[in-house]
Amino acid sequence: MHSGFTLIVSLLHRHTVVGAELTGTRFGPLYDSNLLFLSIFPTTSKTQTSVQREMHWTIRSLALALLAGLAASQLLSELPLIIKSPYMQYWIDASHVSLPTGAWPLFWTRRSVGWTSYIQVDNTSYQWSGEYLTTRPNLTATTVTPTRTIFSFVAGPIAFNATYLSPLDPTDLVRQSLPFGYLYLDAWSLDGKPHAIRFYFDITGEPLSIDAFDPVQWNTTQIENALYHSMHLTSKQSMTEDSDIVKDSTLYFAMENRPDMTWQSGGNQDDVRNKFVAGGSPLPDTVDPTPRTIINWPVLSFLVDLGNTTQTSKSVCLVTGLVRDPVIQYTTSGSIQVRSSYYWSAYNTIDDIIQDVIAKFDDVRSKAIDFDNTNLSDGGAISSEYNDLISISLRMVFGAMDITIPKFGDGTLDTSDVKIFMKDIGSSSRVNPVEVIYAALPAILYFNSTLAGSLLEPLLEYQNSSNYKNAYAAPDLGIAYPKVLGNSSDTTELALENCGNMLIMTLAHALKSGDGSLLYRYYNLLKEWADYLEKNTLHPAGYVSADGENNPNLSNLALKGILGIDAMGKISNVTGNSADASHYESQAKDYYNQWEILAVASGHITSVYGDVSNWGLVYNLYAAKLLDSNLISDQLYTNQSQFYASQLGKAPKFGFPYDTNDAGKVKSHWTMFTAATLSDPSLRDSLIRMVWQRASLNDSVAFPTTYDPTTGSAIIGVARYVYYISTKVSCLFI
């Protein structure tokens, strides 16, 4: 069981040399060295009990098994720039014909963000972000870490790094909830001689609406330590999405006060950019006050003229943010509640926020580097093929969430009532989709287990109210993010999945956080779901699995339900309901014993009871490890591992089909989940290598959710910014 170690399935870009910040492997501009991998980390605590060590190991296992799936869709074709909220998600197309930075930064829907950046060296202009000039610097390396994406360029005699930083601090709710990111630049002379260096940045109103004919207005504000531009729709539409872009945001573009900085807001993009390219002139430090439509291309712009220099004495730092307030409309049993982002509890005005974000840049960067280096150091323990998960995936996990609090009657914020809402990024506008949270939960438990309770409670609270009548768990809280309307529709076919998921997740949160309040507060609701499983899980008929399979007697689906009942036994025991604990523990054990007879044949678990000709990846074995369940014997894990090993010689290049009943599909997430349960490290590495091979396939499409096992051809998930890839199949039933 790898006692004393932590198993992490992970996906990240191997890091490169960037000034003094990182050491590691350098990637060139071909973008074909993106890796998918699994890692074993030594635990740091010398005082953990064996149960704690195993729990620690299991949570990390599932956390990064999950993350392997989450990040996979972005691995080759798309690189994250800044991801800080469900609506502030900026990417770059890494398969662009010239170089990734020769394309416009994109929202995940492939809507342009309209953010352009230039460097001018000795009056020669190079564009390294956006499609405006044909003259571009030479891209020499790309780095992706958990918090940063770093492009290394050479522009004539000057080398420079452009670093996009998305701060990650899941233990600090103020910092984590702030929807601001940084772009900072460091430059140096390659010949040791001074050169004239100027940097230019601008952004259009495209992040504010999908409709380019919407009018926008803007302003520029000087504060104590900075100057910032702001832009918003002339007529905001609160809590309204159009093509996944919300229409009530304000865009911010800010820079610290510095004597070599000039600015302009509202100028036409062509005029402002052309004047910069022509060289010489600073920006006029003026605001054009006339509102125009987005497609008339007013821009918010900054120019920094370093003069003749051999290197930047300090980083040139630009801050951008996308602010909404309130962020969530939450329908409770008796009223509609609007909720603000948590960070407002620490600030009074937007001026305060921007001033603090600017002032703390050095500290934020230092913490980000420490966060990256710690996680990347931990991540290198198993093989080079594993060493690439965390860097891309973590931004996706936490960037899909809004961490919220309500207001008291007097307008002050109530920090005691934290609720987190997650958008189903890349697939829909569903709110807190259960199967997505199930996939993300292990990572959340690992980085801050408290957040899991704040994410689960809205689901529990709604289903415990008079608004919800079904005897089974709901799949989500509605389909209209950021409006949380609830979902009381008939979703019977998903009942086993959702009941099992909710029981497993609620217990897992309590075990990891030490906070059992949800178990007590919603005990009767959890018990109702366990009773539903007790009646329906051993011989499932009329139910759909996470993969969309609807055959009767699916072994993997039945196992999830049994583990849900087992979870209820533990919940009952923790809450002092000893009679219930005895009942559910006995029922789970009885069902499991029957299940093993029904599901195991010829030394392996079959996909469907009694059919020895089929088998699949039994990824729900993860839940047993997560909950430290004693239902499943080590021998079953060993036998299943031996069976997979016996099939390895027949495996197609890109992996085992997730189920032989659907033999034309590999599911990368289930492969990674399965790998983390295996008792044979060599076999585990072989499964991960299959996923890595597909992840390394440079076929000009984003790494898909599901693909052909022989050719690697994408089946679903192509070119979508799917962060919770291990759950997209659950959503789409494909």
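**Exercise 1. Work out whether helix α6 (residues 390–399) is enclosed or open, starting from the burial of its residues.**

Solution. Start with the count: 10 of the 10 residues of α6 are buried, so the helix is largely enclosed by the rest of the structure. Buried here means under 20% relative accessible area, with exposed being over 50% and partly exposed in between (1.4 Å probe, protein chains only). Helices (H or I, at least four residues) and strands (E, at least two) are DSSP runs, numbered from the N terminus.

Next, look at who is in there. The buried set includes Arg-395 as well as Ile-390, Leu-394 and Phe-398.

Before going on, a word on the model. It is predicted, so local features need pLDDT of at least 70 and side-chain atom pairs count only at pLDDT 80 or more, while totals for chains, interfaces and linings use all residues. Residues are numbered from 1 along each chain as its sequence is written, and side-chain values use heavy atoms, leaving out hydrogens and water.

**Exercise 2. Find which strands α6 lies across, and describe their sheet.**

Solution. First step: α6 lies across β3 and β4, and runs at about 50 degrees to β3. For angles, axes are lines fitted to C-alpha atoms (for helices, over the stretch in contact), and the values run from 0 to 180 degrees between N-to-C directions.

Second step: place those strands. They belong to an open, antiparallel sheet of three strands, ordered β3-β4-β5. At its edges are β3 (78–83) and β5 (106–107), each pairing on one side only. Two strands pair if DSSP finds at least two bridges between them.

Third step: check the register. Five bridges link β3 to β4 (residues 89–93) in the antiparallel sense, and Leu-79 sits opposite Ile-92 in β4.

**Exercise 3. Trace the five-stranded sheet and say which strands stand at its edges.**

Solution. Read the order off: β26-β25-β24-β23-β27, an open sheet with mixed pairing. The ends of that order are β26 (419–422) and β27 (483–484); each has a single partner strand, so one side of each is left without a neighbour in the sheet.

Now zoom in on one pair. β25 (residues 401–405) and β26 run antiparallel and are joined by four bridges, with Thr-404 opposite Lys-419 in β26. Helix α7 packs on this sheet, touching β23 (328–331), β25 and β26, and its direction makes about 100 degrees with that of β26. Contact means heavy atoms within 4.5 Å.

Finally, go to the loop between β25 and β26, where you'll find Lys-407. Leaving aside residues up to four places away in sequence, Lys-407 touches Ser-340, Thr-412 and Leu-413. Its C-alpha is 8.2 Å from that of Val-338, 69 residues away along the chain.

**Exercise 4. Describe how α7 packs against α8.**

Solution. Two numbers do the job: packed helices are described by the angle between their axes and the distance between the axes. Helix α7 (residues 434–463) and helix α8 (residues 495–513) pack at about 130 degrees, with axes 10 Å apart. That angle makes α7 oblique to α8; under 35 degrees would be roughly parallel, over 145 roughly antiparallel, 65 to 115 roughly perpendicular, and the rest is oblique.

Then sort the contact by class: 13 nonpolar, eight polar and two charged residues. The nonpolar class is Ala, Val, Leu, Ile, Met, Phe, Trp, Tyr, Cys and Pro, the charged class is Asp, Glu, Lys and Arg, and the others, Gly among them, are polar.

**Exercise 5. Work out how covered β21 (residues 298–309) is and what it pairs with.**

Solution. Nine of the 12 residues in β21 are buried, so call the strand mostly covered. On to partners: β12 (residues 195–203) pairs with β21 over nine antiparallel bridges, including His-195 with Thr-309. Strand β18 (residues 261–268) pairs with β21 over seven bridges, also antiparallel, and Trp-263 stands opposite Phe-302 there.

**Exercise 6. Check two cysteines and a glycine: buried or exposed?**

Solution. Cys-317 is buried at 7% relative accessibility, and Cys-499 is buried at 0%. As for disulfides (cysteine sulfur atoms within 2.5 Å), the count is zero.

Gly-130 lies in the loop between β7 (124–129) and β8 (138–144), and is buried at 0%.
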